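Here's a quick tour of a few local features in this one. Have the viewer open as you read.

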Amino acid sequence: MPTIAELLSAELNQPLRYIENVIALLDEGNTVPFIARYRKEQHGAMDDTVLRTLETRLGYLRGLQQRREEVLRSIEAQGKLTDELTKAVNAAATLAEVEDLYRPFKPKRRTRGTVAREKGLEPLAAAIFRQDGRSPEALAKDYVAPEKGVETVEDALAGASDIIAEDLSDDPGIRKDLRALYHRRGSFACRAADPEADSVYRLYYDFNAPLSRLQDHQILAMNRGEKEGFLKPAPALPGSEGAALVCRAALKPQRIVSAFVKNAAEDAFDRLIEPSVSRELRSELTQRAGEGAIRNFALNLRPLLMQPPVKGFVTMGLDPGYRNGCKVAVVDPTGKVLDTAVVYPTFSENHRQKAIDTLSKLMRRHKVRHIAIGNGTASRETEAMTVELLKNFPDAAYAIVSEAGASVYSASQLAAEEFPDFDVNLRSAVSIARRLQDPLAELVKIDPKAIGVGQYQHDCPQKELSAALDAVVEDCVNAVGVDLNTASGSLLRRVSGLTAATAKNIVTYREENGPFTSRAQIKKVPKIGPKAFQQCAGFLRVPESKEILDRTGVHPESYAAAGELLKRCGYDKKDIPTGLTDLTARMEQLGLENLASACGVGQLTLLDIAKELQKPGRDPREDLPKPVLRKDVLEIKDLQKGMILTGTVRNVIDFGAFVDIGVHQDGLVHISQIAPRRLNHPSEALKVGDIVRVCVLDVDEKRHRISLTIKGVPKE
């Protein structure tokens, strides 16, 4: 039997030694970001996505092994464990297979079969099931026992049938074959609970698709429709193929077919096996769809968090609204709030002009260069007002920013602590402004589930969803790095090795002792011991430090190696800020293998050190396309078929991608319109935040639907 490490090696197509190294590193308490960045020699430079998959599968396989052991102990305690059964349980590749094998031995509630066994009818059932030509009625005469509740031959036969049906239902081979039949030949049918009732689920009122072609978003949509009382979905097999499979397993070959056993087999399928397997299939499909939705959510969240910051400018955040007005916050380039206001541009033309006058004064007073507009209620009217406002400010521009989760943040304890004197609505405006300046620093303050870049997130297993999204946030924060002296507690707690408590301790220490002057000073913070320091130090930047390596992604454990590398290549630390232009060439001249040996590190680590020395403190987001900043407004009525526009991908889902083209309503690029080749999923070609050129295919102004295509659109 292969070990867990061997199974993972085969699944992930990675050398066994690397898998064993990663398992050991995880068991020692190392985080995935730390392993991915600073232990590359031990895992062959797997990226954080592969490492996360390994970590998840490791947990599943260990849980599977634990369940195998529990099942074997339970069967052994009953005195029914055999060598064959032990081998079967140990060979089971999934929890479902283990549970199938355990089913006959699992303690049951009182059933028709157990009642029949209590009446002493088990030998009769066994005799009938042998199908040796004897009449079931003749066999049953010996089991009539009124004192046991078996009044007649018919009672005895009914009990024997119940026992046979239950035994067939507990047969793991039958269940395995039936599942395979469903996957091979089965379909998923859905009908309306009330065909006359109108709902968003009308598409599924008369739906039927092969199980093999059923899409994840369809499964989740039907599940939700069923929960809301509109739909009745269920897996199905053609004709009587399911019952026929059970009959084939029950009836003895080359014998006269036993009508009694055939009837018992059909009863087993209809009453016990089919409902049970159907529930299991629904659960399996829902789990698969949930995992797909979580995976899609994580794929979307990563590029959203990694959107390039628009730093260095005073920014105005506008949180649109009708009744409560448009909330305004002006923040400086570091995110510090300079001014706030509330205007009411939607009340009347007079109020609109007053709003423009108020915003103009704020623009001049604080030299505002960028305006971030939340994309919620009244954003279209606010955008139109902003365009009019910018006619007097030719150097300024605006961007539409997703305000998903802004209200969650503004009502949170964190926001109350940060802005105790601010109205809840004004906090949202601050958050919107900061989202444009540095999306990652602001979005880490919000529960990832509230950011809204997925589908059916409320229908997914919430524990698994939270774990997956938290992992994405952690990976993104550590990929970018964090300024130890300016980062909020929300950002710090996402750093490898830090927790909410230690992040709070860092902020408190900073407030009491002033800015950190070195990485080593972190060790003075309460509850940050050697292990926590090892995990977090490389991801924290200290721009004020005299040690220039403290400003880079070079880990303190590699400072000596970095110094040796500089020395052997003819450089000094003081050369780092001005650029080590010839470092790569000099390393190649000296020989990477010899140089790594001389520096006491592996070649992969040495290359990472060199990359950091050449671009100290580099933000990986800087290489990505900047957000689209606009000066004019476009309405849906302005759109024409064939019009070519530039937009930003806002969301990627199973059947396409939504693109912001500057209209209040995002347009949909169907999966068939993304690329000339066939895609299995839109994420193969697009990700959230991508800047794309699109062509308008169709506009349904009444239903506010815009169809777009990317195929064949010329690049600028």
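## E612 and its surroundings

E612 has a relative accessibility of 14%, so with the cut-off for buried set at under 20%, it counts as buried. Keep in mind that this is a predicted model. E612 is part of helix α29, which spans residues 603–614. Setting aside neighbours within four places in sequence, its contacts are R37, T552, G553, V554 and G617.

## The two faces of α28

Helix α28 covers residues 592–599, and its buried residues are L595, A596 and C599. They span an arc of only 100° around the axis, which means they sit on the same side of α28. As a rule, residues three or four places apart in an α-helix point the same way, because there are 3.6 residues a turn.

What sits over that buried side? The cover includes α26 (559–568), α27 (583–590) and α29. On the face turned away from it you'll find the exposed residues E593, N594 and S597. Just after α28, G600 adopts a positive phi of about 75°.

## A three-stranded sheet

Further back in the sequence, there's an open, antiparallel sheet of three strands, ordered β2-β1-β3. β2 (206–210) and β3 (231–236) are the edge strands with a single partner each, so each has one side without a neighbour in the sheet. From one strand to the next, the twist averages 15°.

β1 (residues 187–192) pairs with β2 in the antiparallel sense over five bridges, and F188 has A209 in β2 as its bridge partner. Helix α13 (residues 216–227) packs on the sheet and touches β1, β2 and β3, with its direction at about 130° to that of β3. Helix α15 (residues 259–305) lies across β1 and β3, at about 110° to β3.

Terms used. Residues numbered from 1 in each chain as written. Predicted model: local features only at pLDDT ≥ 70, side-chain atom pairs only at ≥ 80, totals over all residues. Heavy atoms only, no water. Helix = DSSP H or I, 4+ residues; strand = E, 2+ residues; numbered from the N terminus. Buried < 20%, exposed > 50% of the residue type's maximum accessible area, 1.4 Å probe, protein only. Contact = heavy atoms within 4.5 Å. Arc of directions from axis to C-beta. Pairing = 2+ DSSP bridges. Axes fitted to C-alpha atoms, helices over the stretch in contact; angles between N-to-C directions.
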